[in-house]
Amino acid sequence: MKKLTFVFVFCMIVNYSYCQQNYKPGYILNNNNDTLHVELQEEILSDLMLKVKYKNTVHSSEISTANPGEIKGFGYTNGGLYKSVRFLDNPIDSTSIRNYFVEQLLSGVYDLFLYQKADQQVYIILNEGHQYFLTNTTYRGSGEVKEQGQYQNQLLFLAVQCEALKKDIDLIKFDEQSIMQFVTQLNNCTNPNKAVFNYYHKAKSKFEIMAFAGAFPVISSLQTTAEIMVRLSYPKLARNVYINIGLHYSQTPNVGTGYSYGNSLYQYKTKDVIFSLPVLVQYNITSGRVQPYIGAGFSIMKWDQTYTYYRGTINNNQISVEVIAEVGIEATLMKSLLIKAAWRYEKFVQYPAIGIAVKF
């Protein structure tokens, strides 16, 4: 019965979390070329390819959904511009043609778009009904090639009429600035009299400072944990992924029993104190007010241990580089105040810390 109750509560938390989403000011351009000012779902490339959710006002509880083809496009205030474009489901191995929302970076004789496909970004260049897809080589975890990239071959084909562009094809990187620079030069070469419009908005990083203090009651004492960290994220490119860098402290007591050489039972106590400089990559499994997460990374750690038993006290200390693994949950009470629970492995398995986190 307890297990069923736990599963039910966890499913409710996950469902509630997925229902929560941030909305940003923007607009929708319908097929009649009318512009509707709305609140759009948070700008995340991987979420926008197949649909966009929006509300008429920031306080509205009614959420609508627009699919590619149903509208011409949409845009964020101080953010990206997205258009509905019809192309192959997978240019490599599919013949299924459908509409997708893709971010527009440039317009001219050649238009440049960007979208997120599975684990990589793909650029599309459109010119008079022709579509050119630019992909980079991707690799499996074993190091084997998963999909061979062909963006330089495509760029070489497009530059056939522009000698100046051909010579540096091998030096072009697979990133926004490099691809945009090439397409801009291609536009200027093929039709210097037609203006090129730039719609690019750099993916905005989020920077915040978070302080956390928590504890967990153990048999003979109280484990305490405290940390302060800088949290970095790029919401547009990676949903719910954060890089945490900061200072971490924990004090973990423990009580155990052992046998002396005379086979007499005795009790011992340990107290492990950790000061560390961690770098942790955190992935929040859901979005919203309640966010379970997992994390992994490494730290430069100073470890002090006090071991007390019937013969006295032994002190151990060490400075080392350690692997970190963390599982936890963050629940937002208000904008800058959270309840946080975290289980952590760093040098050894620590008790879960439950406490308050504050964002600055």
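**Overall build and nonpolar cores**

Of the 360 residues in the chain, 41% are buried (under 20% relative accessible area with a 1.4 Å probe, protein chains only). This is a predicted model, with local features needing pLDDT of at least 70 and side-chain atom pairs counted only at pLDDT 80 or more, while totals for chains, interfaces and linings use all residues. Residues are numbered from 1 along each chain as its sequence is written, and side-chain values use heavy atoms, leaving out hydrogens and water.

The chain holds five helices and 22 strands, taken as DSSP runs (H or I, at least four residues, for helices; E, at least two, for strands) and numbered from the N terminus. Its radius of gyration is 27 Å, well over the 21 Å that the globule rule gives for 360 residues, so the chain is more spread out than a compact globule. That radius is taken over C-alpha atoms, and the rule is 2.2 Å times the number of residues to the power 0.38. Along the principal axes, the C-alpha atoms fill a box of roughly 95 × 50 × 40 Å.

Now for the inside. The largest nonpolar core (buried Ala, Val, Leu, Ile, Met, Phe, Trp, Tyr and Cys residues joined through side-chain atoms within 4.5 Å) has 36 residues, and Phe 74, Leu 112, Ile 125, Leu 155, Ile 179 and Phe 182 touch the most other members. Helix α5 (residues 176-190) gives this core its largest share, five residues. A second, separate core has eleven residues, among them Tyr 100, Val 102, Val 122 and Phe 133.

Terms used
Buried means under 20% relative accessible area, exposed over 50%, partly exposed in between (1.4 Å probe, protein chains only).
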